[in-house]
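This report introduces one protein chain to a reader who has not met it before. The account begins with a single residue and then widens to the chain and its helices.

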Amino acid sequence: MRAVYATDLSDAIEAAMSSRICLECLERYGITEVHLVTVTSPNVTTGMPGSDFGKRAREGLDRQRELLETEGFDVETHVVRGTPHRRINGLAEQVNADLIIVGSRGKSPLRERFIGGTARNVARTAVRPLLVQRIVESDEDGHEVANEHLFQRVLYATDFSENAERAFEQFRNLKRATQEATLVHVTPPERRSEPEVVEDAEERLAELADRLEGMGIETRTMVRAGEASEEILAAEAEVDPTSILMGSRGRSRLRRLLLGSTSERVTARANSNVLLVPPVAVR
């Protein structure tokens, strides 16, 4: 399996690549080949005084490539120009990637975490599974990964839609990396009588739990009532997962998949890593 790993060559991303635990988790997921990509501005002109960005980018990529190769990955590097999310997603389709990895860091004055513009736009348009890897600032070490054991404890959020089922299939890749899973469904209390409300949610979650238990993953289930993103984040605070797994349900127009409001809110505010699985692209 292959991954496209987006890097801005920052210390934050290098902290993630320097974590042997993180890289072991990717290996357990099944990744053996990594395409390391950095995107430069189309306005950078080579040959002009001081415009040695391409050279510096290559040097930075070579340093990060060595970190990955030391852990046994086959690595190819790419320096490309253009709009970051388009080039990242484009490369993922070109190499038939099984996973895209984008780092996310930052905190607002309101104490809510927000993914940066590149991560958000990749998530909105990706047609490949996307891991948003949470990187936090550390007073002592500069940066560190929020949860180095990327997939050890997974919170899977489902509305039982086709896209949610597609996200659940990720456990086939996660079974060697995941020890515990919590399956959560949120029922809007004000719409309990409407047709789209799942009446047998507990039974359906139990069936999914049985499948995971058969893989050797210790599993619990919960049905919550309320606004979906708020309840998923409340479940996160309760069970402390290392990653949240969910589908990024959306509609495709002009080949652009828009991230659903629930998955966007969860990705923006979660403390955990988030693994988003997009719908099948409509071409």
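In this predicted model, L99 touches R2, A3, V4, L26, Y29, I31, P129, L130, L131 and L275, leaving aside residues up to four places away in sequence. L99 also belongs to the largest nonpolar core, which has 46 residues. Within that core, L26, L99, F151, Y156, F171 and L245 touch the most other members. Apart from the largest core lies another core, of 33 residues, and its members include V37, L91, A126 and A157.

The chain as a whole has 283 residues, of which 51% are buried. Its secondary structure consists of ten helices and 13 strands. Among contacts with a separation of 6 or more, 77% join residues that are 24 or more positions apart. The accessible surface of the chain amounts to about 14,200 Å², and carbon and sulfur atoms contribute 43% of this area.

Two helix pairs are set out below.

| Helix pair | Angle between axes | Axis separation |
|---|---|---|
| α4 and α5 | about 50 degrees | 8 Å apart |
| α9 and α10 | roughly 35 degrees | within 9 Å |

Helix α4 spans residues 84-94, and helix α5 covers residues 117-125. Their axes cross at about 50 degrees. An angle counts as oblique when it falls outside the roughly parallel, roughly antiparallel and roughly perpendicular ranges, and α4 and α5 are therefore oblique to each other. The crossing of α4 and α5 is right-handed. On the α4 side the contact is made by P84, H85, I88 and N89, and on the α5 side by T118, N121, V122 and T125.

Beside this pair, the loop between β3 (74-81) and α4 contains T83. Is T83 buried, exposed or partly exposed? The class of partly exposed lies between the limits of 20% and 50% relative accessible area. T83 has a relative accessibility of 32% and so counts as partly exposed. T83 and T118 are separated by 35 residues in sequence, while their C-alpha atoms are 9.0 Å apart in space. T118 is also one of the α5 residues that make the contact with α4.

The second pair consists of helix α9, residues 228-239, and helix α10, residues 261-269. The passage of α9 by α10 is a right-handed crossing. Here A228, S229, E230, I232 and L233 of α9 meet T262, R265, V266 and R269 of α10.

Notes: Residues numbered from 1 in each chain as written. Predicted model: local features only at pLDDT ≥ 70, side-chain atom pairs only at ≥ 80, totals over all residues. Heavy atoms only, no water. Helix = DSSP H or I, 4+ residues; strand = E, 2+ residues; numbered from the N terminus. Buried < 20%, exposed > 50% of the residue type's maximum accessible area, 1.4 Å probe, protein only. Contact = heavy atoms within 4.5 Å. Areas by Shrake-Rupley, 256 points an atom, 1.4 Å probe, with all protein chains shown as cover. Core = buried A, V, L, I, M, F, W, Y, C linked by side-chain atoms within 4.5 Å. Axes fitted to C-alpha atoms, helices over the stretch in contact; angles between N-to-C directions. Parallel < 35°, antiparallel > 145°, perpendicular 65-115°, else oblique. Left-handed = near helix turned anticlockwise from the far one by under 90°.
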